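Thanks for sharing this one. Here are my notes, set out as numbered points so that you can follow along in your viewer.

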Amino acid sequence: MFFASTGAALDKIENPELVLQQTIRDMRDRVPELNNSVAQVMATERLLLKQKENLSTQVVDLDSKIKASVKMGRDDIATAYIGQLQQAQQDLERTGAQAEQAQLSSKQALKARDNYVLNMKKRTAEAIQLISAAKQAKLQEQLAQTMEAFNIGDDASTFNEMREKIDRRVAAAEAKLQLGAASVDTQMQDIEREAMDIQMQDKLLEYKQQMGLLGSGTPSSGKQIEAGNVNDADILDIEPANEKSHSN
């Protein structure tokens, strides 16, 4: 809850750390000024109390002088002292009232100074927390910026696109390679099959020649391939002729 309200407060100021530090300095700078004001109020109180004490002494002294003048039969002097005593008593009463008010003002000034210092300490602690939160927010912003540098969202889509293209090219190359290999294999198989047929025909002619089934005009080996095309019916037609020649 504190950090939520802190974040809202930080959004309203541009540089919260500097502002809060200046606020703390301003509050601390006011403490000597308040102490001077309180000291002046207390000095007034002490001055009035001193004046009250002097007036009290003066009243007692005048009272003694009046009594002494009366004993000496000097009514004129006693009357003069009585006048001074009345004035001193009035001053004492007025100064006493002022001293009481000064005492009350001193207590209020001291209480106000103490409340200010207490509030200043509370605000200072809160400001320190805000500054710490501001630093934390700054670090989080820097971390977020750093993490954004490692963001692969757009690159990932590019990678997927490139992967599809590469897969298509590989598939096409494999298909061409398989098609080419199939063609070569087919041709090689045809050649091998043709060579095997030639060998078989040559072998057949060789058997026929050894058996005397072929005439003196036996075709050359190059023509044996054509002779290899003689079918079995032709061979059977030749065999009766040979038997006839042996019977003759």
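1. A salt bridge here is a side-chain nitrogen of Lys or Arg within 4 Å of a carboxyl oxygen of Asp or Glu. With that in hand, the side chains of Lys203 and Glu206 form one, at 4.0 Å from N to O. Please keep in mind that this is a predicted model, in which local features need pLDDT of at least 70, side-chain atom pairs count only at pLDDT 80 or more, and totals for chains, interfaces and linings use all residues. Residues are numbered from 1 along each chain as its sequence is written, and side-chain values use heavy atoms, with hydrogens and water left out.

2. On the overall fold: the chain has six helices and zero strands, and its pattern along the sequence reads α-α-α-α-α-α. Helices (H or I, at least four residues) and strands (E, at least two) are DSSP runs, numbered from the N terminus. Among contacts (heavy atoms within 4.5 Å) between residues at least 6 apart in sequence, 72% join residues at least 24 apart.

3. On the surface: the accessible area of the chain is about 19,200 Å², and carbon and sulfur atoms account for 55% of that. Areas come from the Shrake-Rupley method with a 1.4 Å probe, and for residues only the protein chains shown count as cover. Of the 248 residues, 16% are buried; buried means under 20% relative accessible area, exposed over 50%, and partly exposed in between (1.4 Å probe, protein chains only).

4. Helix H2 is a nice one to check by hand. The expected span of a helix is 1.5 Å times one less than its number of residues. For the 56 residues of H2 that gives 82 Å, and the end C-alpha atoms are 83 Å apart, so the two agree. After H2 comes Gly73, with a positive phi near 75 degrees.

5. Ser69 also belongs to H2, which covers residues 16–71. Is Ser69 buried or exposed? Ser69 counts as buried because its relative accessibility is 7%. Beyond its neighbours within four places in sequence, Ser69 touches Arg74, Ile77, Ala78 and Tyr81.

6. Back to charge pairs, of which the whole structure holds nine salt bridges. Side chains of opposite charge can pair when their charged atoms come close. In H3 (residues 75–149), Asp91 and Arg94 are three residues apart, so about one helical turn separates them. Their salt bridge is 2.7 Å from N to O. Asp91 is buried, at 18% relative accessibility, whereas Arg94 is partly exposed, at 45%.

7. Two pairs in H4 deserve a look. Glu161 and Lys165 sit four residues apart, about one turn of the helix, and the closest N and O atoms of their salt bridge are 3.9 Å apart. Glu161 is partly exposed at 42% relative accessibility, as is Lys165 at 36%. Lys203 and Glu206, the pair from the opening point, are three residues apart in H4, about one helical turn. Lys203 is partly exposed at 42%, and Glu206 is partly exposed at 36%.

8. H4 (residues 153–210) also contains Ile166, which joins Met162 and Val170 in a nonpolar surface patch of about 250 Å². Patches are made of residues with over 30% relative accessible area and no salt bridge: like charges are joined within 9 Å, nonpolar side chains (Val, Leu, Ile, Met, Phe, Trp, Tyr) within 5 Å.

9. Lastly, Leu104 lies in H3 and is partly exposed, at 41% relative accessibility. Its C-alpha atom is 9.8 Å from that of Val41, although the two are 63 residues apart along the chain.
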